[in-house]
Amino acid sequence: IIIGVVIDQLVSQGSLQALFFDTLARRVDTDYEKRVAEHEAGCFLVGYLMGILPKGYSLSAWDCLFGFETTNIRAGSVFCAAEFQREVKTGKLTGKSLDVFVCIRLAGIVQEYLCYGQARTGLYNI
């Protein structure tokens, strides 16, 4: 099993693990699907309100796999953030860009906390 996990990480950035755990969570936790939707809605809305246009979103690893055809699969929002990506590549990240990025990343966690009293699905955002 350990060798399989290592190979999955090296070859497909953990895609098989993401598919497995996402599917398992949906079967075991009846609130998981709604939690993910609430979480992503928070990110999507705050990104839009802060002027970063949403490009798309996925609510499950399977949606991402078939919708975006990428090996980096997990639920999430994708934004048109070319300026932010340029800053990251050049190593000159402005405080404003960092503030916007952090607000968007934390918005889903806050949304989930407000709805459920705790946040469980946004761990990868931190």
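## Contacts of Q111

Q111 touches E38 and G42, leaving out residues up to four places away in sequence. The model is predicted. Q111 is found in helix 6. Its C-alpha lies 6.6 Å from that of E38, although Q111 and E38 are 73 residues apart in sequence.

Is Q111 buried or exposed? Neither label fits: Q111 is partly exposed, with a relative accessible area of 24%. The cut-off for buried is under 20%, so a residue at 24% does not count as buried.

## Overall make-up

The protein chain has six helices and two strands. Along the sequence, the pattern is α-α-α-β-α-β-α-α. Three helices come before strand 1, then, and one helix sits between the two strands. Two helices close the pattern.

The protein chain has 126 residues, and 32% of them count as buried. Its accessible surface comes to about 8,600 Å². Carbon and sulfur atoms account for 64% of that surface. Consider the contacts between residues at least 6 apart in sequence: 55% of them join residues at least 24 apart.

## Helix 6

Helix 6 covers residues 95-116. It has 22 residues and reaches 31 Å from its first C-alpha to its last. That is close to the 32 Å expected at 1.5 Å a residue. Helix 6 also has a kink of about 30°, centred on A107. After helix 6 comes G117, whose phi is positive, near 85°.

Which residues of helix 6 are buried? They are S97, V100, I104, A107, G108, I109 and E112. A107 is thus both the centre of the kink and one of the buried residues. In an α-helix there are 3.6 residues a turn, so residues three or four places apart point the same way. The buried residues of helix 6 pack against helix 3 (32-49), strand 2 (76-79) and helix 5.

## The aromatic pair

How many aromatic pairs does a search of the whole structure find? It finds one. The rings are those of F84 and F101, with centres 4.9 Å apart and planes at 15°, so the pair is stacked. Planes under 30 degrees apart count as stacked, so 15° qualifies.

F84 lies in helix 5 (residues 82-90) and F101 in helix 6, so the pair ties together parts that are 17 residues apart in sequence. F101 is partly exposed, with a relative accessible area of 34%.

## The loop between helix 5 and helix 6

T94 is found in the loop between helix 5 and helix 6. At 37% relative accessibility, T94 counts as partly exposed. T94 and F84 are ten residues apart in sequence. Their C-alpha atoms are 8.9 Å apart in space.

## Y48 and helix 3

Y48 lies in helix 3. Is Y48 buried or exposed? At 51% relative accessibility, Y48 counts as exposed. The cut-off for exposed is over 50%, so Y48 meets it.

Y48 is in contact with L53 and P54, leaving aside neighbours within four places in sequence. Y48 and I104 are 56 residues apart in sequence and 9.2 Å apart in space, C-alpha to C-alpha. I104 is among the buried residues of helix 6.

## R35 and Y116

R35 lies over the face of Y116. The distance from the ring centre is 4.2 Å.

## Strand 1 and S58

S58 lies in strand 1 (residues 54-58). At 2% relative accessibility, S58 counts as buried. S58 and V78 are 20 residues apart in sequence, with their C-alpha atoms 8.6 Å apart.

Definitions and conventions:
Residues numbered from 1 in each chain as written. Predicted model: local features only at pLDDT ≥ 70, side-chain atom pairs only at ≥ 80, totals over all residues. Heavy atoms only, no water. Helix = DSSP H or I, 4+ residues; strand = E, 2+ residues; numbered from the N terminus. Buried < 20%, exposed > 50% of the residue type's maximum accessible area, 1.4 Å probe, protein only. Contact = heavy atoms within 4.5 Å. Areas by Shrake-Rupley, 256 points an atom, 1.4 Å probe, with all protein chains shown as cover. Phe/Tyr/Trp six-rings, centres within 6.5 Å; stacked < 30°, edge-to-face > 60°. Lys NZ or Arg CZ within 6 Å of the ring centre and 35° of its normal. Expected span 1.5 Å × (residues − 1). Bend = angle between axes of the 7 residues up to and from the residue.
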